[in-house]
Amino acid sequence: MKIAVASEGKMVTEHFGHCEGFAVFEAENNQIKNKEFIPNPGHKPGFLPVFLHEKGVNVIISGGMGGGAVDIFNEKGIEVIVGASGEVEKTVSDYLQGKLKSTGSICHEHQHADECES
């Protein structure tokens, strides 16, 4: 399992698309096995979910994220956890122990509200 965390330094970022990069953890049997940092290649609508999917990510964790990105992650079968905060490694450990739940804290854009109906 690969878990990506939108991060600024060692902290979970509030803004998924504008983060410094992604801390990507490989986990087996609820234990972290490996960690790498992937710099944010740039924010373009719809690009980052596809980019992370191509990196083999199964879960994305962030403070906040737009509904369009959430929809694309969902289409790719990637679990989205939003509303996270704190240190990246502790956040991943909490997720692996079942202690981290998504708050559903989505950044809504009114012009796309009709897309949430499907």
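The exercises below, each with a worked solution, concern a predicted model.

**Exercise 1. Helix α1**

Find which residues of helix α1 are buried, decide how they are arranged around the axis, and list what covers them.

Solution.
- Step 1. Helix α1 covers residues 47–54, and its buried residues are L48, P49, F51 and L52.
- Step 2. Viewed down the axis of α1, these buried residues fall within an arc of 160°, so they line one face of the helix.
- Step 3. The elements that cover them include the strands β1 (2–8), β3 (21–28), β4 (31–39) and β5 (59–62), together with helix α2 (67–75).
- Step 4. Just after α1 comes G56, which has a positive phi of about 85°.

**Exercise 2. Aromatic pairs**

State how many aromatic pairs there are, then classify the pair F16 and F22 and the pair F47 and F51.

Solution.
- Step 1. A pair of aromatic rings is described by the distance of the centres and the angle of the planes.
- Step 2. Ring centres must lie within 6.5 Å to form a pair, and the count comes to three aromatic pairs.
- Step 3. For F16 and F22, the ring centres are 5.7 Å apart and the planes stand at 55°, so this pair is tilted.
- Step 4. For F47 and F51, the centres are 5.7 Å apart and the planes are at 25°. Planes under 30 degrees apart count as stacked, so the pair F47 and F51 is stacked.
- Step 5. F16, F22 and F73 form one aromatic cluster.

**Exercise 3. Burial of the paired rings**

Decide for F16, F22, F47 and F51 whether each is buried or partly exposed.

Solution.
- Step 1. The cut-off for buried is under 20% relative accessible area.
- Step 2. F16 has 6% and is therefore buried; F22, at 0%, is buried as well.
- Step 3. F51 has a relative accessibility of 14%, so F51 counts as buried.
- Step 4. F47 has 28% and is therefore partly exposed.
- Step 5. F47 and F51 are both in helix α1, four residues apart, which is about one turn of the helix.
- Step 6. K44 lies over the face of F47, at 4.4 Å from the ring centre.

**Exercise 4. The surroundings of T91**

Place T91 in its helix, state whether T91 is buried or exposed, and name its contacts beyond four places in sequence.

Solution.
- Step 1. T91 belongs to helix α3, which spans residues 88–96.
- Step 2. The relative accessibility of T91 is 4%, so T91 counts as buried.
- Step 3. With neighbours within four places in sequence set aside, T91 is in contact with V12, I61, A84, S85, G86 and L100.

Technical notes. Residues are numbered from 1 along each chain as its sequence is written. This is a predicted model: local features need pLDDT of at least 70, side-chain atom pairs count only at pLDDT 80 or more; totals for chains, interfaces and linings use all residues. Side-chain values use heavy atoms; hydrogens and water are left out. Helices (H or I, at least four residues) and strands (E, at least two) are DSSP runs, numbered from the N terminus. Buried means under 20% relative accessible area, exposed over 50%, partly exposed in between (1.4 Å probe, protein chains only). Contact means heavy atoms within 4.5 Å. The arc is that of the directions from the helix axis to the C-beta atoms. Rings of Phe, Tyr and Trp (its six-membered ring) pair if their centres lie within 6.5 Å; planes under 30 degrees apart count as stacked, over 60 as edge-to-face and the rest as tilted. A charge sits over a ring if NZ of Lys or CZ of Arg is within 6 Å of the ring centre and within 35 degrees of the ring normal.
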